[in-house]
Amino acid sequence: MTEPQIPVTEDELHAYVDGELPAERRADVEAWLTAHPADAERVRAWQAMAEALHARYDRVLDEPVPARLQLDRLSAAPPRRWIAGAIAATLAAFIVGGGAGWFARGAATSPSAFRSFTVDALGAHRLYVVEVRHPVEVEASERAHLQQWLSKRVGYQVTAPELEASGLKLVGGRLLPGPDAPAAFLMYESASGERFTLYTSRAKTDAAQMRYASDARDGALFWADRGVGYVLAGPTDKERLSQVAKQVYAQAEKAGG
């Protein structure tokens with residue numbers, strides 16, 4: 001079989017998975033995949049991941065828009081307050097005690113910091129975990145550049161934690177607006193397509209106790225240390241989140257001395 005005259009690009013492979021590839025190019029891509037088993041395997045992996053993400057999140061698309069989120073009401077609300085009200089109203093939040101005492105240092109958590117960080121982090125988590133083609137701005141293959149770029153923009157050292165011990169690999173990251181300053185956003189993924197995100201930004205509190213929040217779909221752990229707030233978001237399994245959060249915290253402690 002002859003190969004396509006025009007090489008198939010990475011974007012075309014993603015478009016093929018997403019069903020967005022122009023019809024006149026589809027035959028070329030399929031021929032390319034037949035001739036390139038490694039690319040065919042990557043495409044199968046992306047398709048499996050997309051199916052897993054759709055199975056987990058597609059039901060959200062069919063949910064009716066709550067009255068409090070209708071555009072006419074939102075346009076009249078002060079900036080950010082409607083976001084806080086919409087998500088914070090559904091959070092089942094409490095201070096994590098017992099086994100999570102490894103972190104607290106006896107510091108109290110500011111309710112406003114907890115709310116604003118968690119609202120923003122969960123909003124970003126839900127927006128980007130469903131993305132297949134563009135979940136991040138800078139991919140994990142450019143880890144050193146990603147860390148340097150984010151560190152420069154947020155004003156503190158950003159080091160992407162190594163989370164392989166929890167079965168998670170770095171997907172990449174992006175820069176986002178935070179509650180009071182720019183935020184660094186990192187995404188991780190398991191072999192099964194399960195995604196976690198780590199959101200960090202300057203915080204007005206030096207240290208804050210770890211707190212857990214969840215709703216029907218997602219869970220989050222918030223804490224602050226050395227003037228930086230952290231939110232780890234992922235599945236609602238509190239034990240799983242705590243396991244990953246301990247690795248993040250331990251590595252941040254080591255990097256910060």
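This report walks through one predicted model, from a strand and a helix to the cores and the salt bridges.

## Strand β7 and its neighbours

Let's start with β7, the strand that covers residues 219-225. Seven of its seven residues are buried, so the rest of the structure largely encloses this strand. Look at which way the residues point: G219, L221, W223 and D225 go one way, while A220, F222 and A224 go the other way. Both sets are buried.

β7 has a partner in β6 (residues 207-214), and the two run antiparallel with six bridges joining them. If you want a spot to check this pairing, find A208, whose bridge partner in β7 is A224. The link between β6 and β7 is a hairpin that passes through four residues.

Then there is β8 (residues 228-234), which pairs with β7 over seven bridges, again in the antiparallel sense. Here G219 stands opposite G234 of β8. β7 and β8 also form a hairpin, this one with two residues between the strands. In that turn sits R226, which has a positive phi of about 55°.

## Helix α8 and its two sides

Next up is helix α8, which takes in residues 143-154. At 1.5 Å a residue, its twelve residues should span 16 Å, and the C-alpha atoms at its ends are indeed 16 Å apart.

Which residues of α8 are buried? They are L146, Q147, L150, S151 and V154. Seen down the axis of α8, the buried residues fall within an arc of 120°, so they line one face of the helix. Turn to the face pointing away from that buried side and you meet the exposed residues A144, Q148 and K152. As for what the buried residues of α8 pack against, look to the strands β2 (138-139), β3 (169-177), β4 (182-189) and β5 (195-202).

Right after α8 comes G155, with a positive phi near 90°.

## P161 in the loop

Keep following the chain from α8 towards β3 and, in the loop between them, you'll find P161. Is P161 buried or exposed? With a relative accessible area of 5%, P161 is buried.

Setting aside neighbours within four places in sequence, P161 is in contact with R143, L186, Y188, L198, V248 and Q251. Take L186 as an example: P161 and L186 are 25 residues apart in sequence, and their C-alpha atoms are 9.3 Å apart in space.

## The nonpolar cores

In soluble globular proteins, nonpolar side chains tend to be buried together. The largest nonpolar core in this model has 28 residues. Those with the most contacts inside this core are L150, L186, Y188, L221, W223, L232 and V244. Several elements give two or more residues to the core, namely α8, β3, β4, β5, β6, β7, β8 and α9 (238-256). Which element gives the most? That would be α9, with five residues.

Let's zoom in on L150, one of the buried residues of α8. Leaving out neighbours within four places in sequence, L150 is in contact with V158, R174, L175, A184 and L186. Apart from the largest core lies another one, of 23 residues, and among them are Y128, F185, M187 and A233.

## Salt bridges

Side chains of opposite charge can pair when their charged atoms come close. How many salt bridges does the structure hold? The count is eleven.

One of them joins E41 to R44, with the closest N and O atoms 3.0 Å apart. These two are three residues apart in helix α3 (residues 37-61), so about one helical turn separates them. E41 is partly exposed at 44% relative accessibility, and R44 is partly exposed too, with a relative accessible area of 47%.

Another salt bridge pairs D180 with K204, where the closest N and O atoms are 3.8 Å apart. D180 lies in the loop between β3 and β4, and K204 in the loop between β5 and β6, so the pair ties together parts that are 24 residues apart in sequence. K204 counts as exposed, at 75% relative accessibility.

E189 and R195 also meet through their side chains in a salt bridge, at 2.7 Å from N to O. E189 counts as buried at 17% relative accessibility, and R195 counts as buried at 6%. Finally, E12, R25 and D28 are joined into one network by salt bridges that share partners.

How values were computed:
Residues are numbered from 1 along each chain as its sequence is written. This is a predicted model: local features need pLDDT of at least 70, side-chain atom pairs count only at pLDDT 80 or more; totals for chains, interfaces and linings use all residues. Side-chain values use heavy atoms; hydrogens and water are left out. Buried means under 20% relative accessible area, exposed over 50%, partly exposed in between (1.4 Å probe, protein chains only). Two strands pair if DSSP finds at least two bridges between them. The expected span of a helix is 1.5 Å times one less than its number of residues. The arc is that of the directions from the helix axis to the C-beta atoms. Contact means heavy atoms within 4.5 Å. A nonpolar core is a set of buried Ala, Val, Leu, Ile, Met, Phe, Trp, Tyr and Cys residues joined through side-chain atoms within 4.5 Å. A salt bridge is a side-chain nitrogen of Lys or Arg within 4 Å of a carboxyl oxygen of Asp or Glu.
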